[in-house]
2 protein chains.
Amino acid sequence: MDNSICQSHRLPLNLRLSPNKPLRHMPRQKWRLPLPFDKSSGTEGRKGIRIIYSYIYIMNSYAIAIHGGAGTILKSTMTPEKELAYKTALQNAIAAGESILQKGGRSIDAVEAAIRSLEDCPLFNAGKGAVFTHDGKHEMDASLMNGKDLTAGAVAAVQNIKNPISLARAVMDKSEHVFMSGAGAQEFAKKINAEFMPDDYFFVQQRYDQLQEALKTDSVVMDHTVSKDNKEKKFGTVGAVALDLHGNIAAGTSTGGMTNKKHGRVGDTPIIGSGTYANNKTCAVSCTGHGEFFIRSVVAYDISCLMEYKGLSLKKACDIVVMDKLVKIGGEGGLIALDAKGNIELPFNSDGMYRASKRSDQDLFIGIYKD
Amino acid sequence: MDNSICQSHRLPLNLRLSPNKPLRHMPRQKWRLPLPFDKSSGTEGRKGIRIIYSYIYIMNSYAIAIHGGAGTILKSTMTPEKELAYKTALQNAIAAGESILQKGGRSIDAVEAAIRSLEDCPLFNAGKGAVFTHDGKHEMDASLMNGKDLTAGAVAAVQNIKNPISLARAVMDKSEHVFMSGAGAQEFAKKINAEFMPDDYFFVQQRYDQLQEALKTDSVVMDHTVSKDNKEKKFGTVGAVALDLHGNIAAGTSTGGMTNKKHGRVGDTPIIGSGTYANNKTCAVSCTGHGEFFIRSVVAYDISCLMEYKGLSLKKACDIVVMDKLVKIGGEGGLIALDAKGNIELPFNSDGMYRASKRSDQDLFIGIYKD
């Protein structure tokens, strides 16, 4: 790709070159530019102008944000080694998504890639790091949504699937359904040759200890760590939202649920509208928190509606839902959200939320605690 | 209960007597009435006035609406006997709910009772009349929500449960979860002694014929009847919405899903926000239609948001969602909705919808086709 023509003719900053973008996609007022063009570039007269114009399109910024769960995450209970491990994992997930966005890839692909990275990391309660259910199993939920055309896919209560988010993607792309659960979703996974892993793969000692602790008190608990010295409660979920260079946004969420949860409990993660929602007109949202409250509040779509119907900004909508409405009903947690302009919000009403974001025009941000 | 005091003192029409309503629940301006009272009623002075006032409360009208599915339901393909059977079943379901509302019972109980009546009838695709899945099983989904406190319960992919709506109710009342699916939901059902029925109970010849027809073409189809002479496609779902005398609204939905559906497919019926939603501030909604589109459109909560955030009436909100937004994405179906004022809407964009409604101050309405 050659930017020299742009540069020599002082095109506005948001205009760049692309060999693939057809002319008809460009707003007319944007490509009627003061000329003449440089003859040496091989463009002459009207024909030449048309050729050049067909190489110009508006390049938005891209943006991506991820989360690795919210909850009682305190600096006082964190070791430097652990903090570094979390930060590295978050950075890797951002990189997985950003590498796709940078090349002009689709936001839905970036969301899937970032979440796969988090699912493959034992630190987070999703995929490999999924918590144990009451029966000592791992039941995972995931969903994703494409803001461009409102297509969506979701799975609930799947077992031994390496990357539930990719199974949700397959439900979206390769089935006539949006949402599949349990044994039926497993059968579908076999049919499309999804990657299965043995139980051993999902065994993480810390998660097993969490179950034993929860079984003692017969409590259904969040993804948490309890030790003699500290109590930490996390709503273990991972998620990603992304905006691509084409102006399309997408969202996805994946979780291992709650430690010691009754077999079959479904939280907000696979629920389109509650745990995940994306619409180019408004925003892309991925939630993490006490799922029951997020379902009853239809959290993700609520933010979209506040923007669409009340004309609120992404920030204002997020503030109302996370810091007011959810707080009032006792719904602890947070979410990540972005809009098609590249605005990013990472609100949470708990003590902390593993989170990171990156925009094409900004530095990487990584956060864990309240700042 | 004696209404004579009301009548003799010309109380406003919306004021009636109740022995149970405590004084503190009454808006002050409503119970400061012109006196004196009839001494023969045993009420004298300030003490007597207080006694009488404690027997007065605002009686709203009650209202209930139900549906038995939408789709290609044409008068030309209906026999008088079949039509009568449907109308009788709808009337019975309304009666089941109304008998609770008349006595001052709760809207959530009326919704459950009306849906149980529809689930017990083989004509509708829910409970006894649930369609066959691809594997020749019956997998049922249900959900309900209480508009007073936004509590909710839902089950998906449950088998052999006589009344899935009552299992959803139990998830709401007796578990710490909102949504349970598959084998886990079955285990929960056993624990709370839900009523199980053998496979035979759910065998309905017409449904079996539908599966055989669908298997021939390997198509996942709605609850439908196909014969040589006519093609009828129905989105078989049942639902109810109700407003009780206390001003609380509730909604519930139950379904047997789609004939020949892949084991594990979940539609909008158990999704709070999509198939079912209730909030005293706005409306109670129960949907029936092509579930995948209803999930992606978060239909039930969308109507609530249009009312809350845009200030639209129930009718206008229903029109926008059912007749415009859903139509544009190809989402065939309908819904029933009511608000806390007793307004009822029964919109659908298909050829017909089995539906009925009753308000305390209006006659019973039963509809099947487009009028």
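# Chatting through chains A and B

Colleague: Which residue of β11(B) does Met180(A) stand opposite?

Modeller: Met180(A) faces Arg265(B) there. Keep in mind that this is a predicted model.

Colleague: Got it. And which strand of chain A pairs with β11(B), and in what sense?

Modeller: Strand β6 of chain A, residues 179-181, pairs with β11(B) in the antiparallel sense. The pairing runs over two bridges.

Colleague: Let's zoom out to the whole contact. How many residues does it take from each chain?

Modeller: Chain A gives 41 residues and chain B gives 41 residues.

Colleague: How much area do the two chains bury between them?

Modeller: About 3,400 Å², with 61% of it on carbon and sulfur atoms.

Colleague: What's the count of salt bridges between chain B and chain A?

Modeller: Zero.

Colleague: And how many residue pairs are in polar contact?

Modeller: There are 16 such pairs between chain B and chain A, counting those with both residues at pLDDT 80 or more.

Colleague: Which elements of chain B supply at least two residues of the side that touches chain A?

Modeller: A mix of strands and helices: β5 (152-158), β6 (179-181), α7 (182-191), β11 (265-266), α10 (291-296) and α11 (299-310) each do so.

Colleague: Where does the largest share come from?

Modeller: From α11(B), with six residues on the side that touches chain A.

Colleague: What does that side have by class?

Modeller: On chain B, the side touching chain A has 21 nonpolar residues, along with eleven charged and nine polar ones.

Colleague: You listed β5 of chain B. Which residue in that strand should I look at?

Modeller: Try Ala157(B), which is in strand β5 of chain B. Its phi is positive, about 55°, although Ala157(B) is not a glycine.

Colleague: Is Ala157(B) buried or exposed?

Modeller: Buried, because its relative accessibility is 10%.

Colleague: Any other residue with a positive phi?

Modeller: Asn193(B) has one too, about 60°, and is not a glycine either. Asn193(B) lies in the loop between α7 and α8 (199-202) of chain B.

Colleague: Why does Asn193(B) count as exposed?

Modeller: Because the relative accessibility of Asn193(B) is 67%, and exposed means over 50%.

Colleague: New topic: strands inside chain B. How many of the residues of β3 are buried?

Modeller: Nine of the nine residues in β3 (63-71) of chain B are buried, and the strand is described as mostly covered.

Colleague: What does β3(B) pair with?

Modeller: One partner is strand β9 (residues 237-243) of chain B, in the antiparallel sense over five bridges. Within that pairing, His67(B) has Gly239(B) as its bridge partner. Another partner is β16(B), also antiparallel, over seven bridges. There, Ala65(B) stands opposite Ser357(B).

Colleague: What else does β16 of chain B pair with?

Modeller: β16(B), residues 352-359, pairs with strand β17(B), residues 365-369, in the antiparallel sense over four bridges. To find the spot, look for Ala356(B) opposite Ile366(B).

Colleague: What joins β16(B) to β17(B)?

Modeller: A hairpin, through five residues.

Colleague: Switching to loops. Where is the place of Phe132(B)?

Modeller: Phe132(B) is in the loop between α5 (107-119) and β4 (140-146) of chain B. Phe132(B) counts as buried because its relative accessibility is 5%.

Colleague: Which residues is Phe132(B) in contact with, leaving aside its neighbours within four places in sequence?

Modeller: Among them are Lys137(B), His138(B), Phe203(B), Arg207(B), Tyr208(B), Leu211(B) and Met258(B).

Colleague: And chain A? How many helices and strands does the secondary structure of chain A come to?

Modeller: Twelve helices and 17 strands. Chain A has 371 residues, and 60% of them count as buried. Among its contacts between residues at least 6 apart in sequence, 66% join residues at least 24 apart.

Colleague: Give me one buried residue in chain A to click on.

Modeller: Thr269(A), in the loop between β11 (265-266) and β12 (276-278) of chain A. Thr269(A) is buried, with a relative accessible area of 3%. Leaving aside neighbours within four places in sequence, Thr269(A) is in contact with residues including Asp141(A), Ser143(A), Thr237(A), Thr253(A) and Thr276(A).

Notes: Residues are numbered from 1 along each chain as its sequence is written. Chains are lettered from A and ligands numbered from 1 in the order in which they are written. This is a predicted model: local features need pLDDT of at least 70, side-chain atom pairs count only at pLDDT 80 or more; totals for chains, interfaces and linings use all residues. Side-chain values use heavy atoms; hydrogens and water are left out. Contact means heavy atoms within 4.5 Å. Buried area is the accessible area (1.4 Å probe) that two parts lose on being put together, summed over both. A salt bridge is a side-chain nitrogen of Lys or Arg within 4 Å of a carboxyl oxygen of Asp or Glu. A polar contact is a pair of N or O atoms within 3.5 Å; within protein, one must be able to donate a hydrogen and the other to accept it, and residues adjacent in sequence count only if both atoms are side-chain atoms. Ala, Val, Leu, Ile, Met, Phe, Trp, Tyr, Cys and Pro count as nonpolar, Asp, Glu, Lys and Arg as charged, and the others, Gly among them, as polar. Two strands pair if DSSP finds at least two bridges between them. Buried means under 20% relative accessible area, exposed over 50%, partly exposed in between (1.4 Å probe, protein chains only).
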